[in-house]
Amino acid sequence: MVLELINLSKTFVNTTDHVNVEALKNINLLVNDGEFVSVVGPSGCGKTTMLRIIAGFEKASFGKALLNDEEIKNPGTEIGLVFQEYALFPWRTVLENVEFGLELKNTPAKERREKAFKYIEMVGLNSFENKYPKELSGGMKQRVAIARTLINEPKVVLMDEPFGSVDAQTRNSLQEFLIDIWRKRGDTIIFVTHNVDEAVFLSQRIVCLSSRPGEVLLEVSVNLEFPRDRTSMDFVKIRREILEHLMSNKGN
Ligand SMILES: Nc1ncnc2c1ncn2[C@@H]1O[C@H](COP(=O)(O)OP(=O)(O)O)[C@@H](O)[C@H]1O
Ligand SMILES: [Mg+2]
């Protein structure tokens with residue numbers, strides 16, 4: 001499953017005051033099957049817009065997004081999403097939240113349940129099946145959200161600052177957890193963050209966007225072994241390189 005962005009641009013047109021916002025400019029990106037790619041860039045540079053176009057929620061103004069050579073025009077089951085807000089149903093238990101996607105597909109109850117248990121175990125939440133979201137910590141909620149997405153077996157998983165609302169320590173452990181699952185499963189992941197440290201810790205490749213309109217400033221391959229050591233010289237060097245590029249672009 002290959003995802004490709006070709007000359008992708010997006011301008012939001014405001015028909016009342018005619019002040020248009022150019023959010024993305026000429027983005028080209030190829031994500032291969034099983035690849036973990038991060039997109040970093042300052043707030044407002046169009047990261048969410050880019051994911052929304054890939055997910056089929058938003059139309060490009062120019063250029064296109066392709067999944068296996070087919071243009072993405074509408075939301076579909078091939079693309080899974082995990083957002084910063086947990087977006088769990090508060091009235092459903094962990095089990096019922098994780099099962100949700102399979103209900104939509106009319107999967108028989110027994111199969112649904114078995115699969116949900118498997119995914120709950122994968123995210124390390126066994127014995128929390130019958131808890132409600134309000135009884136869980138932020139980190140646990142985000143793990144439920146990940147299980148709820150992965151159970152649908154999407155071809156590409158889009159993550160939009162998924163760990164943005166938890167404390168630093170929980171964030172680090174969620175990153176380790178995500179890498180663990182990704183290494184076991186080989187999902188194709190596009191991970192959006194404005195946290196460079198997070199991007200270097202997680203990804204095989206990092207795409208850096210400029211401030212708005214988001215253009216690709218730099219692409220960096222991260223050839224460090226997993227699990228990564230945030231304090232190693234190589235890690236720090238890559239982090240610095242990216243930060244320097246982002247800094248030098250500020251205010252443009
Ligand atoms: N639906 C919309 N209508 C008008 N402007 C929008 C819309 N969505 C996003 N924008 C604008 O596009 C720019 C990029 O937004 P966004 O993709 O959310 O950035 P990021 O996720 O990188 O912070 C921002 O200036 C934002 O205000
Ligand atoms: Mg965003």
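**Exercise 1.** Which residues does Leu-158 touch, not counting residues up to four places away in sequence?

*Solution.* This is a predicted model, in which local features need pLDDT of at least 70 and side-chain atom pairs count only at pLDDT 80 or more, while totals for chains, interfaces and linings use all residues. Residues are numbered from 1 along each chain as its sequence is written, and chains are lettered from A and ligands numbered from 1 in the order in which they are written. Two residues are in contact if their C-beta atoms, placed from the backbone, lie within 7 Å. With residues up to four places away set aside, Leu-158 touches Leu-51, Ile-54, Ala-55, Ile-79, Gly-80, Leu-81 and Ile-190.

**Exercise 2.** Place Leu-158 in the largest nonpolar core, and locate that core relative to the domains.

*Solution.* Step 1: a nonpolar core is a set of buried Ala, Val, Leu, Ile, Met, Phe, Trp, Tyr and Cys residues joined through C-beta atoms within 7 Å. A residue is buried if 20 or more other C-beta atoms lie within 10 Å of its own, exposed if 12 or fewer, and partly exposed in between.
Step 2: the largest core has 64 residues, and Leu-158 is listed with Ile-54, Val-98 and Ala-147 as having the most contacts inside it.
Step 3: helix H4 gives the most to this core, with six residues.
Step 4: the core lies between domain 1 (1-78 + 157-169 + 181-252) and domain 2 (86-153), because both give residues to it; the bounds come from an automatic or database domain assignment.

**Exercise 3.** Identify the buried residues of helix H2 and their packing partners.

*Solution.* Step 1: helices (H or I, at least four residues) and strands (E, at least two) are DSSP runs, numbered from the N terminus.
Step 2: H2 covers residues 94-104, where Val-94, Leu-95, Asn-97, Val-98, Glu-99, Gly-101 and Leu-102 are buried.
Step 3: these buried residues pack against helix H3 (109-122) and helix H4 (138-150).
Step 4: just after H2, Asn-106 takes a positive phi of about 60°.

**Exercise 4.** Describe the shell around ligand 1.

*Solution.* Step 1: a residue is near a molecule if its C-beta atom, placed from the backbone, lies within 6 Å of it. The residues around ligand 1 are Phe-12, Val-21, Ala-23, Gly-41, Ser-43, Gly-44, Cys-45, Gly-46, Lys-47, Thr-48, Thr-49 and Arg-212.
Step 2: strand S2 (21-31) and helix H1 (47-54) each supply at least two shell residues, and H1 provides the largest share, three residues.
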